[in-house]
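Q: Please take a close look at one part of this structure, explaining how its elements are arranged and how the rest of the chain may be described around it. I am new to this structure and would value a connected account.

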Amino acid sequence: MSLRSWLTGCLTPAGRGRGGRQRSLASIVGQILGSVARGRLSALPFAVALWDGSELPAATATKGPVVTASVRAVPYLLRQPNELGLARAWVTGALDLDGDLEDVLVHRDRFASVSLSLCDRARVAAAGVRIMGPAVLLRAPVVDSEARIIGRLHSVHRDRAAVGHHYELPAAFYRLLLGPTMVYSCAYFERPDETLKRAQRRKLEVICRKLQLRTGDRLLDIGCGWGSLVMHAAAEHGVRAVGVTASVEQAIEASARIRQAGLTGRCEVRAADYREVNDGPYDAIASVGMYEHVGRDQLTNYTAAVAALLRPGGAFLNHGIARLSPGPTHDRTFIRRFVFPDGDLHPVTDVLHALEAAGLEIRDVESLREHYPLTLRHWA
């Protein structure tokens with residue numbers, strides 16, 4: 001009997017005695033999993049290929065992506081039947097994808113609607129033992145690339161470790177992803193078919209114009225990445241620019257790029273946290289794609305620190321990804337465990353309130369939502 005037919009069928013009625021009890025348990029589990037298969041899996045817009053060669057077909061006849069599940073995925077999904085379990089199984093290769101990942105992720109809300117109670121998990125575990133034996137209950141192997149950050153949340157030490165998890169990688173890797181501009185935020189497109197390089201250079205110029213930079217101004221770039229903004233501002237607008245990043249790897253690469261561009265003495269990049277900067281005031285400050293690491297509880301401290309470094313009448317530009325509404329943040333997500341540990345997205349209104357609490361006047365707000373999907377597809 002294939003796994004699919006076992007999952008979607010109901011077993012024979014229970015007999016008597018010990019064997020009868022086992023068949024009764026198997027019947028209950030089979031009915032539960034059969035209901036899940038018919039009610040959930042049968043509605044999926046992609047096929048799921050199982051390790052025994054059977055397949056749960058897509059709901060539509062159109063050809064789409066196929067998710068392949070190996071037997072090694074079961075322990076991850078039993079212990080964390082949620083996005084984190086799926087993420088661990090995918091990162092380790094226990095789940096694979098033949099097709100476009102975006103076609104699967106667009107239906108992620110359907111995954112979120114599936115929840116298992118403790119009793120359901122016990123029943124699924126019993127089914128897993130019946131199929132695979134007791135080994136299915138063993139703890140799944142630790143995933144090496146999963147972040148395990150310790151220390152007081154959003155302390156300088158812990159934030160440096162969280163940033164290091166993502167950025168302490170060779171610059172050559174990020175060049176493959178980001179292209180020659182090495183800008184790690186959304187570009188600014190004039191038209192959808194524009195090149196990423198041109199759109200990213202426009203983005204740097206938009207930032208400089210919003211800040212109204214003038215020759216001789218002092219610019220601070222908080223979370224400067226590989227130095228693209230400070231280099232552009234120094235070369236094109238004649239400013240004296242300082243960038244700070246909590247990543248040593250980024251600071252080394254940025255400094256090398258500055259030397260290669262002949263901008264030594266006009267801009268510099270330091271390996272430092274923004275809370276360690278003490279050489280203000282600056283005429284202008286930019287923070288591009290960094291404040292997501294700050295944390296909601298630290299927003300007012302962040303904006304106060306920026307205001308203290310800014311001269312009276314100076315300009316501050318804060319760029320980042322926002323969420324539409326407030327809500328709880330938890331660690332059982334792919335992005336917090338494998339991509340940006342301790343990252344937190346805030347509603348725009350929360351950011352505006354924090355800026356105003358620091359004594360800063362809001363002069364301009366712009367949404368770049370349409371530009372981000374275009375950028376992500378270039379990176380992919």
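A: Contact here means heavy atoms within 4.5 Å. With that cut-off, the loop residue L153 is a convenient place to begin, and the account then moves to the sheets and helices. The model is a predicted one.

L153 lies in the loop between helix 7 (118-132) and helix 8 (156-167). Is this residue buried, partly exposed or exposed? L153 counts as partly exposed because its relative accessibility is 46%, and the partly exposed class lies between the limits of 20% and 50%. When residues up to four places away in sequence are not counted, L153 touches R158 and D342. A further relation links L153 to D297: the two are 144 residues apart along the chain, and their C-alpha atoms are separated by 9.9 Å.

The chain as a whole provides the setting. It has 380 residues, of which 42% are buried, and it contains 16 helices and 11 strands. Among contacts with a separation of 6 or more, 66% are between residues 24 or more positions apart. The accessible surface of the chain comes to about 20,500 Å², and carbon and sulfur atoms account for 55% of that surface.

The part to be examined closely is the sheet of strands 1 to 4. Strands of a sheet pair through backbone hydrogen bonds, in either a parallel or an antiparallel sense. In this open sheet, 4 strands follow the order 2-1-3-4, and their pairing is mixed. Strand 2 (55-56) and strand 4 (95-98) are the edge strands, each pairing on one side only.

The sheet can be followed from one edge to the other. Strand 1 (residues 47-49) runs antiparallel to strand 2, and 2 bridges join them. Within this pair, V48 stands opposite L56 of strand 2. Strand 1 also pairs with strand 3 (residues 66-69), this time in the parallel sense and over 3 bridges. Here A49 stands opposite T68 in strand 3. Strand 3 in turn is joined to strand 4 by 4 bridges, and these two strands run antiparallel. T68 thus reappears in the next pairing, where D96 of strand 4 stands opposite it. In the pairing with strand 4, V66 likewise has D98 opposite it.

Which residues of strand 4 form its covered face, and which its uncovered one? L95 and L97 make up the covered face of strand 4, whereas D96 and D98 make up the uncovered one. D96 and D98 are also the residues placed opposite T68 and V66, respectively.

A second sheet may be set beside this one. It is an open sheet of 5 strands in the order 7-6-5-8-9, with parallel pairing. Its edges are strand 7 (267-271) and strand 9 (310-319), and each of these pairs on one side only. On average, neighbouring strands of this sheet are turned by 15 degrees against each other, with direction ignored. Within the sheet, strand 5 (residues 218-222) and strand 6 (residues 240-245) run parallel and are joined by 5 bridges. D221 has G243 of strand 6 opposite it.

Helix 13 (residues 299-309) packs on this sheet and touches strand 5, strand 8 (282-288) and strand 9. The direction of helix 13 makes about 140 degrees with that of strand 9. Helix 13 also packs with helix 15 (residues 348-357), at an angle of about 45 degrees and with the axes 8 Å apart. The two helices, helix 13 and helix 15, are therefore oblique to each other, and their crossing is right-handed. On the side of helix 13 the contact is made by L299, T300 and T303, and on the side of helix 15 by D350, V351, A354 and L355.

Another helix pair completes the description. Helix 10 (residues 196-210) and helix 11 (residues 228-237) pack at an angle of about 70 degrees, with their axes 10 Å apart. That angle is why helix 10 is roughly perpendicular to helix 11. Helix 10 passes helix 11 in a right-handed crossing. In this packing R201, L204, E205, I207 and C208 of helix 10 meet S228, L229, H232, A233 and H237 of helix 11.

Methods. Residues numbered from 1 in each chain as written. Predicted model: local features only at pLDDT ≥ 70, side-chain atom pairs only at ≥ 80, totals over all residues. Heavy atoms only, no water. Pairing = 2+ DSSP bridges. Buried < 20%, exposed > 50% of the residue type's maximum accessible area, 1.4 Å probe, protein only. Areas by Shrake-Rupley, 256 points an atom, 1.4 Å probe, with all protein chains shown as cover. Axes fitted to C-alpha atoms, helices over the stretch in contact; angles between N-to-C directions. Parallel < 35°, antiparallel > 145°, perpendicular 65-115°, else oblique. Left-handed = near helix turned anticlockwise from the far one by under 90°.
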